[in-house]
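Student: I am new to this structure and would like a close look at one part of it. Could you walk me slowly through the pockets and what sits around them?

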Amino acid sequence: PANAVELLAVQPPGRGARGRETPITSAAALASAALPILARRLVDKSVPWFLVGHSAGAWVGYEFARAAVTAGLPPPARAFL
């Protein structure tokens, strides 16, 4: 549908249901770890994507946007950080 939206939420290791896993302690490292997982959803340049991050998630979101563009993916249409 024209107004369809897909929401992808990231739960990093060491948080919530992944609390027993070793946490990633840098925003850049977390963004780099998420990039190969999320990149396949971002390759279609005709479909805009948006980035939302709150608190420390804003920092991770910024690093993720930088990593995505560096990897040749389109930048987010909007970022709400």
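Tutor: Happily; what follows goes from the pockets to the surface patch and then to the salt bridges.

A word on the ground rules: this is a predicted model, in which local features need pLDDT of at least 70 and side-chain atom pairs count only at pLDDT 80 or more, while totals for chains, interfaces and linings use all residues. Residues are numbered from 1 along each chain as its sequence is written, and side-chain values use heavy atoms, with hydrogens and water left out.

Let us begin with the largest pocket, which holds about 1,200 Å³ of space. Its lining has 39 residues, and those closest to the centre are Leu8, Ala9, Val10, Leu51 and Val52. A pocket here is an open set of points on a 1 Å grid over the protein atoms alone, where a 1.4 Å probe fits, with protein on both sides within 12 Å along at least five of seven lines; lining residues have an atom within 4 Å of a point. The volume is the space filled by probe spheres set on the points, which are joined across faces, edges and corners.

Three elements each give at least two residues to this lining: α1 (27–42), β1 (50–52) and α2 (56–70). Helices (H or I, at least four residues) and strands (E, at least two) are DSSP runs, numbered from the N terminus. Helix α1 supplies the largest share, seven residues. Sorted by class, the lining of the largest pocket contains 27 nonpolar, eight polar and four charged residues. In this sorting Ala, Val, Leu, Ile, Met, Phe, Trp, Tyr, Cys and Pro are nonpolar, Asp, Glu, Lys and Arg are charged, and the others, Gly among them, are polar.

The second largest pocket has a volume of about 200 Å³. Of its 15 lining residues, Val10, Arg18, Ala33, Ala34 and Ile37 lie nearest the centre. Here the classes come to 11 nonpolar, one polar and three charged.

Val52 turns up again on the surface, where Phe50, Val52 and Phe80 make a nonpolar patch of about 350 Å². Such a patch takes residues with over 30% relative accessible area and no salt bridge, joining nonpolar side chains (Val, Leu, Ile, Met, Phe, Trp, Tyr) within 5 Å, and like charges within 9 Å. The areas come from the Shrake-Rupley method with a 1.4 Å probe, and for residues only the protein chains shown count as cover. Phe50 belongs to strand β1 and is partly exposed at 48% relative accessibility; buried means under 20%, exposed over 50%, and partly exposed in between (1.4 Å probe, protein chains only).

Arg18, met beside the second largest pocket, leads to the salt bridges. The structure has three of them, each a side-chain nitrogen of Lys or Arg within 4 Å of a carboxyl oxygen of Asp or Glu. Arg18 pairs with Glu21, their closest N and O atoms being 2.7 Å apart. Arg18 is partly exposed at 30%, as is Glu21 at 36%.

Glu6 bridges to Arg41, with 2.8 Å between the closest N and O atoms. Glu6 lies in the segment before α1 and Arg41 in helix α1, so this pair ties together parts 35 residues apart in sequence.

The remaining bridge joins Arg66 and Glu63 at 3.6 Å between the closest N and O atoms. Both lie in helix α2, three residues apart, about one turn of the helix. Arg66 is partly exposed at 45%, whereas Glu63 is buried at 15%.
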